[in-house]
Every structure is written in C-alpha cells, then in structure tokens.
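Me: I should like to learn how to read the surroundings of a ligand and the state of the cysteines in a model. Could we work through one case together?
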Amino acid sequence: MAFADELAAGLQARPRAVAPKWFYDAAGSELFERICELPEYYPTRTEFALLDRHAEAMAELIGPRAEIVEFGAGASRKVRVLLDALRSPRRFVPVDISGEHLAAAAARLRSDYPALDVCPVVADFTQGAPALMPAAGRRVGFYPGSSIGNFDPDDALRLLQRFAGWLGGGGLLIGVDLVKDPAQLHAAYNDERGVTAAFNLNLWARANRELGADFDLAAWAHSAFYNPPASRIEMHLVSRKAQTVRFGGQRFEFAEGDSVHTENSYKYTVEGFQALARRAGWSPRAVWTDAARRFSIHWLEPRGE
Ligand code: AVI
C-alpha cells in the first residue's frame, strides 16, 4: 500500500497506528543516522564494538567467497567491518526501501571495494521477496541494528522464516537489542537533543511534503516509554490539542491527548530470541554479547545443516 493509503487507514483505525517503515524517507534516514551517534543511543556503538571484536570469528563461520545480502541497508557502514574480515567476498546486495540513500551508499562502497560486485536492490522486503539475482556464492543475510525488534513477534517470526527461504540454505547474522534497565532504555528513546523526537515527528513532516497534508508539527508531542510486560519501547505522537488534519480530500479529527502509535522496539533475552529463531526454522550456532549484555549478534544456520 502507498504511504497516503496506509496513513489514512492508520489514522482511521483504533487504536491509531502507522508502520515505522514510513519514517525512512531521505530526511528520516538522516535523522536516524544522527540517532545512531547520540550518547544515549547505545545499540549502534555496542553493535559496532561487537562486530569489530568478533569479525574474524564471524568471517570464519560465513566462509570464503560469500554473497552478503543486507536487509534494510541504509548507509551500509556496519557491513564494512564484516567485508574487511571476510575472505574474498563475491557480492554485496544492500536491500533498502529508500532508493536515494541506497544509491549513495552503493557508490561509496564501489569506490572503497573495487573487487566487490555491489548490487543494490530497492525493495520493501516486509511486503515480499526482493528481486535477487542467482547467488554468486554462499548467500548470507546480514540484518544488524535490531531492526527485527521493530516487528511484533508474529511478524518477526514470519520475517525470519522468509529470510530462510530467500537465503536458500545460507546463514543469517542478525543484531538483537537485549532487555535491560528500563531507565537506560527510556534515555535511548528520549535523548536530550530531541533528535528522536524530530525523527518521530518527521512522519508528519513527510506527510506534509509528500501528500500536501497540513499537520502542525508544534501541535504534536513525541512520547516514548518502556512497556515491561510486552518487553518493548513504544513510540507515539500525541496530539497537544483538539485539531483537524487534512490530506487526500479527507479530514482526520483528534482530541487533546489522542495518540498515534508509530513504533514498537522489542527487546529480547538471548534465550528468547534463540527460541524465536528456532521456531522460524533456524539453528542458533553462535552468539556474541558485550560484557554489560546490552546487545547481541546471533549467527543462525538453517536447521538440518
Ligand atoms: C531501526 N530501529 C532498530 C530503531 C530502534 O531502536 O528501534 C529505530 C529507532 N527508533 C527510535 N530510535 C531509533
């Protein structure tokens, strides 16, 4: 479904909700990159450190002449650590919904890795199989950043099952954020500089730019909190007053305090994620975590290998 249709349907639904994939236009992708550099946002730093520290072991498990398919590739920074450790990687296939972002990242990678075949694919892999050409070597998936946490557990299960099909017998290296002190989680999604708030509000800014909507950004508040029973951070945009928003010939009424749910970010235990992976047909073969157990990277192989 296109943005206009999904947004309209999400604002008409109760509770109101819009899928987080719509955050990532060029402006949203840039804001997300700024989030990754925030002192409060520990996942990126921690995952980088894990990759740095264990890249040799990961490369050993992946093997030589592999094809790496990165799902939701964005700026493709993390994969460089892996590419540097891999023996003669054949091809890198970054898959992302944001075409502009992908093309710029692919150009940088081509110039830095001249021997690597870089084949970007613009696709919304949450909606169906990306168009991959026949594999150039062992096809291994790379899904860093704990983006799997942005799916409800049932959808995460389905996505992990689909990855198994698309990777055709190869493995999956996946980053997963871990359950931890709620205060630390809260700070990561309520940074002092307000970058996460701007990222959340970019959803309305994008609707104004692309759909001619008339969201008044000052009339909405960023809200992010940890929901312990569900083990997830929830992000919402909350109406600061009674207001009407118009786009596509439709009117949407909001009372003061009405909220639109814009993102879930599930946090797992290592064992909880491994159980989910097993249900999806994977065999967890290795896991790396930092000393404070903030973040984990899992190496999964198809069951039966
Ligand atoms: C992309 N994803 C894993 C991020 C997260 O932490 O759930 C998106 C994000 N939302 C707010 N801050 C970062």
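Me: At what distance does a polar side-chain atom of S265 lie from an oxygen atom of the ligand?

Reply: A polar contact is a pair of N or O atoms within 3.5 Å. In this predicted model, a polar side-chain atom of S265 lies 2.6 Å from an oxygen atom of the ligand. The protein covers 97% of the ligand's own accessible area of 340 Å².

Me: Which atoms of the ligand do Y189 and E263 approach with their polar side-chain atoms?

Reply: For Y189, the partner is an oxygen atom of the ligand, 2.5 Å away. For E263, the partner is a nitrogen atom, at 2.7 Å. Both residues are among those that come nearest to the ligand, together with Y41, N150 and S265.

Me: How do the residues of the shell around the ligand divide by character?

Reply: The shell has seven nonpolar residues, six polar ones and one charged.

Me: Which helices and strands each supply at least two residues of that shell?

Reply: Two helices do so, α2 (26-36) and α8 (195-211), as does the strand β12 (259-266).

Me: How many disulfides are there?

Reply: A disulfide is a covalent bond between the sulfur atoms of two cysteines. The test applied here requires two such sulfur atoms within 2.5 Å, and the count in this model is zero.

Me: Why are C36 and C119 classed as buried?

Reply: The class requires a relative accessible area under 20%. C36 is buried because its value is 16%, and C119 is buried because its value is 14%.

Definitions and conventions. Residues are numbered from 1 along each chain as its sequence is written. This is a predicted model: local features need pLDDT of at least 70, side-chain atom pairs count only at pLDDT 80 or more; totals for chains, interfaces and linings use all residues. Side-chain values use heavy atoms; hydrogens and water are left out. A residue is near a molecule or strand if one of its heavy atoms lies within 4 Å of it. A polar contact is a pair of N or O atoms within 3.5 Å; within protein, one must be able to donate a hydrogen and the other to accept it, and residues adjacent in sequence count only if both atoms are side-chain atoms. Accessible areas come from the Shrake-Rupley method with a 1.4 Å probe; for residues, only the protein chains shown count as cover. Helices (H or I, at least four residues) and strands (E, at least two) are DSSP runs, numbered from the N terminus. Ala, Val, Leu, Ile, Met, Phe, Trp, Tyr, Cys and Pro count as nonpolar, Asp, Glu, Lys and Arg as charged, and the others, Gly among them, as polar. Buried means under 20% relative accessible area, exposed over 50%, partly exposed in between (1.4 Å probe, protein chains only).
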